[in-house]
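User: Please take a close look at the strand pairing in this structure, and at what packs against the paired strands. I am new to the model and would welcome one connected account.

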Amino acid sequence: MRTAVLEASQEASQEHASQEHVASAACAKMSFSSGQGELRAFGQRAFISVPAKGGQDRAGLFQRAVDAALEEGRRAGQSNPVVVGAIPFDLAEPSCLYVPESYEWRARPPLQSVPADAGMPTLLDQKSIPSEAEFKKAVEHAIVNFRMCDVRKAVLSVIRELRFDGAVDVDRLLQSLRAQNRDGYQFRVPLPDGAQLVGVSPELLLRKTGDTVVSNPLAGSARRQLDPAADRTVADALLISPKDLYEHKLVIDDVERVLKPYCTELDVPAGPSLMSTAALWHLSTRIEGRLTDPGMTALQLACLLHPTPAVCGYPTERAHKLIRFVEPFERGLFTGMVGWCDGEGNGEWVVTIRCGIVQDDKVRLFAGAGIVEASQPEAEWAETQTKLRTMLNACGVAA
Ligand SMILES: C=C(O[C@@H]1C=C(C(=O)O)C=C[C@H]1O)C(=O)O
């Protein structure tokens with residue numbers, strides 16, 4: 001797969017070779033990096049706003065729009081065009097995807113040390129939506145629901161709105177995110193209204209390479225500690241926490257249920273392992289399968305899986321209804337998916353978390369936490385605040 005992408009990448013680099021200085025961050029508005037390298041997309045050849053609902057169906061409206069956009073790329077001489085961008089939490093809402101005029105893969109940029117304030121303007125004010133008290137009430141409301149109906153888990157989230165005394169430099173913000181979170185999936189997507197989606201997700205929704213699919217759901221979290229011994233204790237406790245293991249298992253069982261009919265082999269480890277970001281420990285399970293039909297694209301498969309109970313709840317439809325009822329805002333792109341899929345069907349989509357939307361002097365940050373019957377409102381609020389730290393730190397704002 002990488003060969004094909006590199007082929008297109010060489011094309012792209014040739015195209016851009018003479019204007020290397022122009023192909024600076026200023027025009028590389030979309031970028032996505034994973035362990036495999038960094039994808040940078042230049043220009044916009046075709047935009048796809050068709051909602052991704054039913055996107056698993058190759059003959060459906062959404063996939064036909066994607067295929068037509070990729071075809072435009074081919075007609076313009078790209079041997080392996082790519083579709084990049086973001087899809088919202090609610091698949092019925094417009095997608096924000098496009099086929100760039102060109103793209104390239106490069107090694108992840110080397111680590112740079114970035115000053116703590118990341119050159120950010122001064123913070124003027126900030127606000128939480130909902131407030132701490134309202135969020136805790138929503139958690140209680142969800143817990144009462146779990147007792148009265150068959151919803152087992154619902155992910156509830158918060159927004160932190162920041163206003164600065166000047167425009168936020170997205171390049172510097174991304175640099176700072178990179179420096180502090182080397183191992184995540186870093187992304188930046190330009191949005192139609194001129195805002196930008198920026199973040200560093202630790203969670204792989206789906207990667208497809210040839211006939212292999214990998215998904216790595218995370219659910220069950222604990223805050224990292226400064227003291228190494230205390231940090232280890234927290235991690236060990238997470239690994240045996242019945243509440244977190246339950247929350248995690250709901251996700252893994254559901255991902256297995258969805259992928260199984262499409263795979264000849266599916267490896268699901270018996271229990272989770274630990275993974276960490278700079279701010280959090282997570283329970284993590286890496287699921288790997290071999291596709292019965294290798295012709296299914298990464299985007300089709302990601303649409304099939306999304307939203308997993310890691311970001312919505314269980315069972316999906318009812319949890320979604322509960323979220324709509326108790327969350328006082330539309331999530332938009334938060335807890336959707338962001339990534340790429342090439343013309344050969346290979347691609348990577350990650351869960352749009354640990355992220356924010358930057359528009360001029362305003363930044364909206366998002367964070368959620370999985371609520372189950374054993375949840376405690378205080379602890380769930382604290383978890384959302386810890387999750388916000390990833391972006392707050394990059395913004396140079398004390399958490
Ligand atoms: C919703 C978020 O994270 C999700 C919820 C998690 C949890 O409840 O433990 C862990 C990882 C993510 O699947 C977020 O980071 O905002």
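Analyst: Two strands are said to pair if DSSP finds at least two bridges between them. The model examined here is predicted, and the account begins with strand β1.

Strand β1 covers residues 30-34, and 5 of its 5 residues are buried. The burial concerns both faces: M30, F32 and S34 lie on one side, S31 and S33 on the other, and all are buried. Strand β2, residues 37-42, runs antiparallel to β1 and is joined to it by 5 bridges. A hairpin of 2 residues leads from β1 to β2. Strand β9, residues 185-190, also pairs with β1 in the antiparallel sense, over 3 bridges. Residue S31 illustrates these pairings: its bridge partner in β2 is R40, and its bridge partner in β9 is R188.

The next subject is an open sheet of 9 strands. Its order is β3-β5-β4-β19-β20-β11-β12-β17-β14, and the pairing is antiparallel. Strands β3 and β14 (263-267) form the edges, each pairing on one side only. From one strand to the next, the twist averages 15 degrees. Within this sheet, β11 (residues 204-209) and β12 (residues 212-216) are antiparallel partners over 4 bridges. One of the residue pairs here is K208 with V213, the latter being the bridge partner in β12.

Two helices pack on this sheet. Helix α2 touches β3, β4 and β5, and its direction makes about 170 degrees with that of β3. Helix α6 (residues 242-259) touches β12, β14 and β17 (287-291), and its direction makes about 5 degrees with that of β17.

Helix α2 merits a fuller description. It comprises 15 residues, 61-75, and spans 21 Å from first C-alpha to last, close to the 21 Å expected at 1.5 Å a residue. Its buried residues are F62, Q63, A65, V66, L70 and G73. Seen down the axis of α2, these buried residues fall within an arc of 160 degrees, and therefore they line one face of the helix. An α-helix has 3.6 residues a turn, so residues three or four places apart point the same way. The buried residues of α2 pack against β3 (46-48), β4 (82-87) and β5 (96-99), as well as against helix α7 (298-305). Just after α2, G77 adopts a positive phi of about 100 degrees.

A further open sheet has 3 strands in the order β13-β16-β15, with antiparallel pairing. Its edge strands are β13 (218-223) and β15 (273-276), each of which pairs on one side only. Direction ignored, neighbouring strands of this sheet are turned by 30 degrees against each other on average. Strand β13 pairs with β16 (residues 280-284) in the antiparallel sense over 4 bridges, and S221 stands opposite H282 in β16.

Helix α5 (residues 228-239) packs on this sheet, where it touches β13, β15 and β16; its direction makes about 145 degrees with that of β13. Helix α6 lies across β13 and β16, running at about 155 degrees to β13. Helix α6 thus appears twice in this account, as it also packs on the sheet of 9 strands.

Technical notes:
Residues numbered from 1 in each chain as written. Predicted model: local features only at pLDDT ≥ 70, side-chain atom pairs only at ≥ 80, totals over all residues. Expected span 1.5 Å × (residues − 1). Buried ≥ 20, exposed ≤ 12 C-beta atoms within 10 Å, placed from the backbone. Arc of directions from axis to C-beta. Contact = placed C-beta atoms within 7 Å. Axes fitted to C-alpha atoms, helices over the stretch in contact; angles between N-to-C directions.
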